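Hi there,

Here is the structure I promised to pass on to you. Have a look at it first, and then read on for what turned up in it.

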Amino acid sequence: MFEPIKFGLSEYLSRYYSGLSATTKALHEYTQRGLAKSIIWTPGRMIDSAEEMLAAWQRNDSDNAPSHPQKLPIMLIAMAKDYVPSARDYTRQMAERQLIIIPEDPKERVFGLRTIAADIRVQLAIFAADEPTARSLAAQFCLYIDVLHNRTFWASHRFAGLDHEWPIQLESSDAPAMVIPNEAKNLTILALDITLKTSIPLFDAPKDNEPNDGKGTDGDTEDPHGYPTVQVIDAIDLSEDNIEHHSLLETVL
């Protein structure tokens, strides 16, 4: 359920990359290199292992060519493995399950929904062979997140064959770039910390052995059945020998 956060952040950073200005010769090459070889997710390592992260990246043969150190600059991203609920003064989780109908669902099925509010810590490490290039990348990132509409982006959570866009907000647009000491010559490492305020939906549908509305397909997670509903209740008024029928529609069991 956290993978959509990574995909959403990747799209967010792709827009940062596409708007970079080449203020140094190294940055000119960087902007021409392509996103896939310029901003890279690392497998859970945080910045305290910055040089190990770089070494792992340099061992990666991304061009299917004889092994050689990858070009700098490079930006590596790591997401913390911990879990921190968002503070209640910022937002609230929906802990009590609610029965809902998704507006975009053409079948108008009834599903369950809870929401998680979590703080996701992310660290970005910039590696460059020269200080002006590293500083320019950091400064342009801080400029990017300072734009008002860049303080929020979206994660797409898929359920019942539909993509559901849920917001992600940066806790702060203040992200100073810290120098990470290293013993390598001609290498500058800058690290930026950001915290993502996320809302994560948890949808549920009837299990295979539970009553359902029959609107889905058995065993298909892309097309689940919804919870059963009472379609019509007839109420008959017998007063004064007049019979009237009243229908109450879509009452959830």
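The largest pocket is lined by 14 residues, and P206, D208, D220, P224 and H225 are the ones nearest its centre. A pocket here is an open set of points on a 1 Å grid over the protein atoms alone, where a 1.4 Å probe fits and protein lies on both sides within 12 Å along at least five of seven lines; lining residues have an atom within 4 Å of a point. This is a predicted model, in which local features need pLDDT of at least 70 and side-chain atom pairs count only at pLDDT 80 or more, while totals for chains, interfaces and linings use all residues. Residues are numbered from 1 along each chain as its sequence is written, and side-chain values use heavy atoms, with hydrogens and water left out.

Back to that pocket: it holds about 230 Å³ of space, a volume being the space filled by probe spheres set on the grid points, which are joined across faces, edges and corners. Its lining divides into four nonpolar, five polar and five charged residues (Ala, Val, Leu, Ile, Met, Phe, Trp, Tyr, Cys and Pro count as nonpolar, Asp, Glu, Lys and Arg as charged, and the others, Gly among them, as polar).

P224 also has a partner worth a look: the side chain of R109 reaches the backbone oxygen of P224 at 2.7 Å. R109 lies in the loop between β4 (94-101) and β5 (110-128); helices (H or I, at least four residues) and strands (E, at least two) are DSSP runs, numbered from the N terminus. With 3% relative accessibility, R109 counts as buried (buried means under 20% relative accessible area, exposed over 50% and partly exposed in between, with a 1.4 Å probe and protein chains only). E108 is in the loop between β4 and β5 too, but at 51% relative accessibility E108 counts as exposed. Its phi is near 50°, a positive value in a residue other than glycine.

The second largest pocket has a volume of about 160 Å³. Of its 13 lining residues, F2, K6, M79, A80 and K81 lie nearest the centre. Two elements, α1 (3-18) and β2 (74-79), give two or more residues each to this lining, which has seven nonpolar, two polar and four charged residues. K6 has another role in the picture: its charged end sits over the ring of W41, 5.3 Å from the ring centre (the rule is NZ of Lys or CZ of Arg within 6 Å of the ring centre and within 35 degrees of the ring normal).

Now for the rings. The structure holds eight aromatic pairs, where rings of Phe, Tyr and Trp (its six-membered ring) pair if their centres lie within 6.5 Å, and planes under 30 degrees apart count as stacked, over 60 as edge-to-face and the rest as tilted. Y12 and F153 form a stacked pair, 4.5 Å centre to centre with 25° between the planes. Y12 lies in helix α1 and F153 in strand β6 (residues 152-159), so this pair ties together parts that are 141 residues apart in sequence. Y12 is buried at 1% relative accessibility, and F153 is buried at 2%. Ring pairs link both of them with Y16, F141 and Y144 into a cluster.

One last backbone detail: a cis peptide bond joins L72 and P73, with omega about 5°. P73 is found in the loop between α3 (50-58) and β2.

Best wishes

Conventions
Polar contact = N/O pair within 3.5 Å; in protein donor to acceptor, adjacent residues only side chain to side chain.
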